[in-house]
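Colleague: Could you take me through one part of this model up close? I'd like to hear about the metal site and whatever surrounds it.

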Amino acid sequence: MERNEALALVKPHLKQERYEHTIRVMETAIQLAEMYGVDVHKTELAAIFHDYAKYRPVEEMKRWIQSSYLPKDLLHYHHELWHGPVGALLLERELGIEDQELLEAVHYHTTGRTHMTDLDKVIFLADYIEPGRKFPGLEQVREAAWEDLNKGCWMASKNTISFLMSKNQPIYPETFYAYNALTKQYKRS
Ligand code: DGI
Ligand code: FE
Ligand code: FE
């Protein structure tokens with residue numbers, strides 16, 4: 001599938017600001033993929049599709065989680081965490097996308113996971129550092145992102161967890177698993 005076809009498929013599902021975020025994630029992810037030797041075309045498509053389910057009604061996402069293979073423990077956590085897993089499910093069902101690596105990168109783009117692939121890492125990090133973002137500590141993560149993929153992801157994961165804890169938010173287990181795995185990978189690399 002070509003870039004313009006993919007963009008035309010997601011555009012009706014996103015608000016204008018989210019579409020613009022998607023374009024910036026795509027551009028950032030392509031640069032990271034080129035730097036770290038990840039399949040650039042697959043990265044481009046995964047970035048375009050990463051927030052596909054962002055605007056599905058909460059009740060609809062809940063039904064998809066209940067009626068599919070998706071982990072039921074998601075239902076005990078904030079619905080903001082649902083659009084990745086539900087997006088992966090719907091990209092397969094609605095658009096017929098079958099590339100499992102792409103679908104997994106979409107599934108885990110918000111939380112990360114224990115054994116993140118390089119594609120997972122590129123999408124996770126591009127979503128965090130794209131030029132439209134404003135998070136505390138973001139400049140250091142941006143610098144690290146171009147130095148070492150594992151360091152960039154580790155810092156993004158750490159910042160997210162620190163931010164959520166400062167707001168007394170519960171943390172989804174997979175978010176911690178990603179942080180723990182990245183801590184080891186960064187120290188080794
Ligand atoms: O969809 P985007 O806004 O582009 O970005 P995203 O998919 O990374 O994140 C959505 C939100 O989810 C973000 O504000 C951080 C939050 N988040 C990430 N991990 C967790 C989490 N929220 C909770 N409550 N628990 C988590 O483990
Ligand atoms: Fe997202
Ligand atoms: Fe996003």
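Modeller: Here is a walk around the metal site, moving outward to the charged pairs. Keep in mind that this is a predicted model. Let's start with the iron ion (ligand 2): Asp51 (OD), His83 (NE2) and His109 (NE2) coordinate it at 2.1 to 2.2 Å. Along the chain, these donors are spaced as D-x31-H-x25-H. Asp51 does double duty, as it coordinates both this ion and the iron ion (ligand 3), with 3.6 Å between the two ions. Asp51 sits in the loop between helix 3 (40–49) and helix 4 (58–66), while His83 belongs to helix 5 (residues 83–95), so this pair ties together parts 32 residues apart in sequence. Both side chains are tucked away: Asp51 is buried at a relative accessible area of 2%, and His83 is buried at 4%.

Asp51 has another partner too, since its side chain meets that of Arg18 in a salt bridge (3.0 Å, N to O). That links distant parts of the chain, with Arg18 in helix 2 (residues 16–36) and Asp51 33 residues away in its loop. Arg18 counts as buried as well, at 15% relative accessibility.

The loop between helix 3 and helix 4 also holds Arg56, and Glu94 is in helix 5, so that pair ties together parts 38 residues apart in sequence. Their side chains form a salt bridge at 3.0 Å, N to O, and Arg56 forms another with Glu60 at 3.2 Å. Arg56 is buried, with a relative accessible area of 12%, whereas Glu94 is partly exposed at 39%. The structure holds 14 salt bridges.

Definitions and conventions
Residues are numbered from 1 along each chain as its sequence is written. Chains are lettered from A and ligands numbered from 1 in the order in which they are written. This is a predicted model: local features need pLDDT of at least 70, side-chain atom pairs count only at pLDDT 80 or more; totals for chains, interfaces and linings use all residues. Side-chain values use heavy atoms; hydrogens and water are left out. Donors are N, O and S atoms within 2.8 Å of the metal (3.2 Å for Na, K and Ca); water is not among the atoms, so sites may look incomplete. Helices (H or I, at least four residues) and strands (E, at least two) are DSSP runs, numbered from the N terminus. Buried means under 20% relative accessible area, exposed over 50%, partly exposed in between (1.4 Å probe, protein chains only). A salt bridge is a side-chain nitrogen of Lys or Arg within 4 Å of a carboxyl oxygen of Asp or Glu.
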